[in-house]
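Here is a briefing on one protein chain. Start from a single strand, then work outward to the sheets and the core.

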Amino acid sequence: MEEEIQETDKQEETNYQNMSEKEWKQRLTAEQYQILRNKSTDRAFTGPFVGNKATGIYVCAGCGLELFLSDTKFDSNSGWPSFFQTINQDNVGLVIDRTHGMTREEVICKRCLGHLGHVFNDGPAPTGLRYCINGTSLKFNEIVNDIHTNT
Ligand code: FE
């Protein structure tokens, strides 16, 4: 756990918004680069975490910023990991996206400006929102409850 905290501190010193495309290509896999930097989309039902039900925190694959908690994930049957709430409104940005003949709200990471997915108004209570996120833009930090092993 201590190592993780130090790693987060180190990441916060990096200015992700000034990073060159060359640096991003070195930092990310080809798949991550296509989604996060080129706003591509995972093919439905093929990306990571669609069916993941483990307890933990979803973070940005670009910069490690915490984005979504597993207890706000729900089965949307869309083929993409779906959440009804962000971990913190300050960590996630919304941008009007008028590409592909539609007007949608794009969801981006506030720290590195990486493309995550889109948000729609057909989600479940309590928010009614559906954050439809490319699993490739995320990493998952599983929280293992070890209370019982410590007693
Ligand atoms: Fe990020």
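**Strand β8 and its surroundings**

In β8, R130 and C132 point one way, Y131 and I133 point the other way, and all are buried. The model is a predicted one. Strand β8 covers residues 130-133 and runs antiparallel to β7, joined to it by 4 bridges.

**Partners of β8**

- On the β7 side, V119 stands opposite Y131 of β8.
- G117 stands opposite I133, again in β8.
- β4 also runs antiparallel to β8, and 2 bridges join these strands.
- There, S82 has C132 of β8 as its bridge partner.
- What does I133 touch beyond its neighbours within four places in sequence? The contacts are W80, P81, F83, V107, L116, G117 and L138.

**Strand β7 and the hairpin with β6**

- Why is strand β7 (residues 115-120) largely enclosed by the rest of the structure? Of its 6 residues, 5 are buried, so the rest of the structure largely encloses this strand.
- The cut-off behind that step is a count: a residue is buried if 20 or more other C-beta atoms lie within 10 Å of its own.
- β7 pairs with strand β6 (residues 104-109) in the antiparallel sense, over 4 bridges.
- I108 has H115 in β7 as its bridge partner.
- The hairpin of β6 and β7 has 5 residues between the strands.
- In this hairpin, L113 takes a positive phi near 65°.

**The sheet of 6 strands**

- These strands belong to an open sheet of 6 strands, ordered β3-β4-β8-β7-β6-β5.
- The pairing in this sheet is antiparallel.
- Its edge strands are β3 (73-74) and β5 (92-97), and each pairs on one side only.
- At the β3 edge, β3 pairs with strand β4 (residues 82-83) over 2 bridges, in the antiparallel sense.
- K73 stands opposite F83 of β4.

**The sheet of 3 strands**

- Another open sheet has 3 strands, in the order β2-β1-β9, with antiparallel pairing.
- β2 and β9 (138-142) are its edge strands, each pairing on one side only.
- From one strand to the next, the twist averages 30°.
- β1 and β9 run antiparallel and are joined by 5 bridges.
- Across that pairing, C60 stands opposite L138 of β9.

**The nonpolar core**

- Which residues have the most contacts inside the largest nonpolar core? They are C60, L67, V107, C109, I133 and L138, in a core of 27 residues.
- Elements giving two or more residues to this core are α3 (30-36), β1 (56-60), β2 (66-69), β6, β7 and β8.
- Two of the core residues also meet directly: I133 is in contact with L138.
- V107 is another contact of I133.

**Whole-chain view**

- The protein has 3 helices and 9 strands.
- Along the sequence, the pattern is α-α-α-β-β-β-β-β-β-β-β-β.
- The protein has 151 residues, of which 31% count as buried.
- Take the contacts between residues at least 6 apart in sequence: 57% of them join residues at least 24 apart.

Conventions:
Residues are numbered from 1 along each chain as its sequence is written. This is a predicted model: local features need pLDDT of at least 70, side-chain atom pairs count only at pLDDT 80 or more; totals for chains, interfaces and linings use all residues. A residue is buried if 20 or more other C-beta atoms lie within 10 Å of its own, exposed if 12 or fewer, and partly exposed in between; C-beta atoms are placed from the backbone. Two strands pair if DSSP finds at least two bridges between them. Two residues are in contact if their C-beta atoms, placed from the backbone, lie within 7 Å. A nonpolar core is a set of buried Ala, Val, Leu, Ile, Met, Phe, Trp, Tyr and Cys residues joined through C-beta atoms within 7 Å. Axes are lines fitted to C-alpha atoms, for helices over the stretch in contact, and angles run from 0 to 180 degrees between N-to-C directions.
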